[in-house]
Each structure stands twice: as C-alpha cells, then as structure tokens.
Amino acid sequence: MPAKRPKLVGINHVALEVGDIEEALDFYGQWFDFKLRGRGEGSAFLDMGDQFLALMEVEEITTDNHRHFGLVVDDREGLRARMEEAGITFVSDKRFDFLDPWGNRVEVVAYPDIQFLKTRGVLDASGHAGLRKSDEALAELEEKGITPPDDA
C-alpha cells in the first residue's frame, strides 16, 4: 500500500540569500517594522507573528525573473507610497513587487485582502489588534469551507 502523502499546512519561514547581513537588516528595517527573532553566524531571523523570514549571507548571489515570495503587511498602500518617494523600482505594473539589493523579488500583499488567516491571538501579540479581513477575503475563505472567527 502506498504511503499517505502529507498535506501542506503552511510556511514556517522563507530564507533569502543576501550579500551582507548588516546591510540586509538595514534595508528591511527601513521598510518594515519587525522584531529580530535571533541571529547566527551569517544569518538573521525576522519575526512575522508565528512565522519568520531568514536572511542568509552567501558569497555568490543568484537571481531569476520569476522566483519570488509574498510578504503580508498591514499597510500596503502606505508602504508603496514610502517606497515610491524613496525611488524604489517596482518590477511589475500589475502587482506590488520590488527587488531587494540582492535581487530577491518581494511581492507585498495586504492582510485584509487575502485568504491567509492568522488567529486573533497571533495578531494581537504581534501588534495587529485592529486588523480585519475584507468581505472579499472572507467570502473566498467561506467558499473553501473555512469559517473564520467573528473577529477576523
């Protein structure tokens, strides 16, 4: 009998290759409010509620045109305005994608507008007490049979 395949549950972390940890912390710290979960030799870990972003220092950076990850934020349009004012180049006219100094493509999405769902306890503990889902995102969740709590 074939072994049962495990179901995907979520993402614990994403690791990005960067050329210099201190420069990476400065770059991401310029745009995002985060707590440093920890550090190691050539690495740093940025808290994102119950997940984290790992920054890993490497000697040779490789890039491509389509590989990317999406960061979920509580104020997408405020971030976009600050980045535009600072002259950050966006990769896509249709989405909010930018390249960090090491060529990592980052898509920025707004928490209220996507199906991704955090518990109220995680949101409150990470400073997002008032963050709520849009009606469209709630409808998408319900279509999948996911009933968010009343305070979503």
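This note sets out the main features of a predicted model of a protein.

1. Overall fold. The protein comprises four helices and seven strands. Read from the N terminus, these elements follow the order β-α-β-β-β-β-α-β-β-α-α. The C-alpha atoms occupy a box of roughly 50 × 45 × 30 Å along the principal axes.

2. Burial and contacts. Of the 152 residues in the protein, 34% are buried. Among contacts with a separation of 6 or more, 50% join residues that are 24 or more positions apart.

3. Surface and charge. The exposed area of the protein is about 10,100 Å², and carbon and sulfur atoms supply 49% of this area. There are 18 positive and 31 negative side chains, with the centres of the two sets 7 Å apart.

4. Aromatic pairs. The protein has seven aromatic pairs. One of them is formed by F27 and Y28, which meet edge-to-face, with 5.1 Å from centre to centre and 85° between the planes. F27 has a relative accessibility of 10% and Y28 one of 1%; because buried means under 20%, both residues count as buried. The rings of F27 and F98 have centres 6.3 Å apart and planes at 50°, so this pair is tilted. F27 belongs to helix α1 (residues 21–31) and F98 to strand β6 (residues 97–99), so the pair links parts of the chain 71 residues apart. F98, like F27, is buried. Ring pairs join F27, Y28, F32, F98 and W102 into a cluster.

5. Arginine over rings. The charged end of R80 sits over the ring of F90, 5.5 Å from its centre. R80 also lies over the face of F96, at 4.6 Å from the ring centre.

Notes. Residues are numbered from 1 along each chain as its sequence is written. This is a predicted model: local features need pLDDT of at least 70, side-chain atom pairs count only at pLDDT 80 or more; totals for chains, interfaces and linings use all residues. Side-chain values use heavy atoms; hydrogens and water are left out. Helices (H or I, at least four residues) and strands (E, at least two) are DSSP runs, numbered from the N terminus. Buried means under 20% relative accessible area, exposed over 50%, partly exposed in between (1.4 Å probe, protein chains only). Contact means heavy atoms within 4.5 Å. Accessible areas come from the Shrake-Rupley method with a 1.4 Å probe; for residues, only the protein chains shown count as cover. Lys and Arg count as positive and Asp and Glu as negative; His and the chain ends are not counted. The place of a charge is taken as NZ of Lys, CZ of Arg, CG of Asp or CD of Glu. Rings of Phe, Tyr and Trp (its six-membered ring) pair if their centres lie within 6.5 Å; planes under 30 degrees apart count as stacked, over 60 as edge-to-face and the rest as tilted. A charge sits over a ring if NZ of Lys or CZ of Arg is within 6 Å of the ring centre and within 35 degrees of the ring normal.
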